[in-house]
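Trainee: I'd like to learn how to read salt bridges in a model. Could you walk me through a case?

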Amino acid sequence: MKTYTPKLNELVKKWYLVDLKGKTMGHVSVRIANLLRGKDKPSFTPHLDCGDYVVVINAKHLRFTGNKLEDKKYYRHSGYPSGLKEESLEDLLERRPEEVIKRSVAGMIPKNKLKKEILAKLKIFPESEHKHEAQNPELIEI
């Protein structure tokens, strides 16, 4: 029996809608990462981008367990001496809630050449309005 490898033109990409209102960050991040990679499909191939598009709404209303809002820190560096910036999860969630989800999901995608292409299919919106109604995304309950 031969091994079947799907071709790029044979892959069908769907659109999914995920509502984060009252959901826990870790649980939804894993589910979103699996949808983006296509791991739930029988035709999953690690070296191809066979995942679907995911539209995330209500990123502002995400729930966190424990003391993560105060204890979790995000770091960035400007490249200059003493250019390390530190920001708590609470501050980042208030300033840019879509960045919290993007970083969480990006950490669960393998670090290879497909990562940028996979993350481009993730569309995040802080409130319930989004601009992808024309694609008729299917609502996924997590």
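**Reading the salt bridges**

Mentor: Sure, and keep in mind that this model is predicted. Start with Lys14 and Glu138, whose side chains form a salt bridge at 3.1 Å, N to O. This pair links distant parts of the chain: Lys14 sits in the segment before β1 (15-19), while Glu138 belongs to strand β6 (residues 138-140), 124 residues apart.

Trainee: Are those two side chains buried or exposed?

Mentor: Partly exposed is the label here. Lys14 gets it because its relative accessibility is 38%, and Glu138 gets it with 37%.

Trainee: How many salt bridges does the structure hold?

Mentor: Nine. Another one pairs Glu87 with Arg76, at 3.6 Å from N to O. Glu87 is in strand β4 (residues 84-88) and Arg76 in strand β3 (residues 73-77), so this bridge ties together parts that are eleven residues apart in sequence.

Trainee: Why does Glu87 count as buried?

Mentor: The cut-off for buried is under 20% relative accessible area. Glu87 has 12% relative accessibility, so it counts as buried. Its partner Arg76, at 44%, counts as partly exposed.

Trainee: What about a bridge inside a helix?

Mentor: Look at Glu99 and Arg103, which meet in a salt bridge at 3.3 Å, N to O. They are four residues apart in helix α4 (residues 97-106), so about one helical turn separates them. Glu99 counts as buried because its relative accessibility is 14%, whereas Arg103, at 32%, counts as partly exposed.

Trainee: Which residues are linked in a network of salt bridges?

Mentor: Lys13, Asp49 and Lys121.

Trainee: And how should I read the charges across the whole chain?

Mentor: Count each sign, then see where each set is centred. This chain has 28 positive and 20 negative side chains, with the centres of the two sets 7 Å apart.

Trainee: What does the fold around these bridges look like?

Mentor: Read the elements in order. The chain has five helices and six strands, running β-α-β-α-β-β-α-α-α-β-β from the N terminus. Its C-alpha trace spans about 55 × 35 × 30 Å along the principal axes.

Trainee: Any tips for reading burial and contacts overall?

Mentor: Take burial residue by residue, then look at how far apart in sequence the contacting residues are. Of the 142 residues, 42% count as buried. Among contacts between residues at least 6 apart in sequence, 67% join residues at least 24 apart. On the outside, the chain exposes about 9000 Å², and carbon and sulfur atoms supply 52% of that.

Definitions and conventions:
Residues are numbered from 1 along each chain as its sequence is written. This is a predicted model: local features need pLDDT of at least 70, side-chain atom pairs count only at pLDDT 80 or more; totals for chains, interfaces and linings use all residues. Side-chain values use heavy atoms; hydrogens and water are left out. Helices (H or I, at least four residues) and strands (E, at least two) are DSSP runs, numbered from the N terminus. Buried means under 20% relative accessible area, exposed over 50%, partly exposed in between (1.4 Å probe, protein chains only). Contact means heavy atoms within 4.5 Å. Accessible areas come from the Shrake-Rupley method with a 1.4 Å probe; for residues, only the protein chains shown count as cover. Lys and Arg count as positive and Asp and Glu as negative; His and the chain ends are not counted. The place of a charge is taken as NZ of Lys, CZ of Arg, CG of Asp or CD of Glu. A salt bridge is a side-chain nitrogen of Lys or Arg within 4 Å of a carboxyl oxygen of Asp or Glu.
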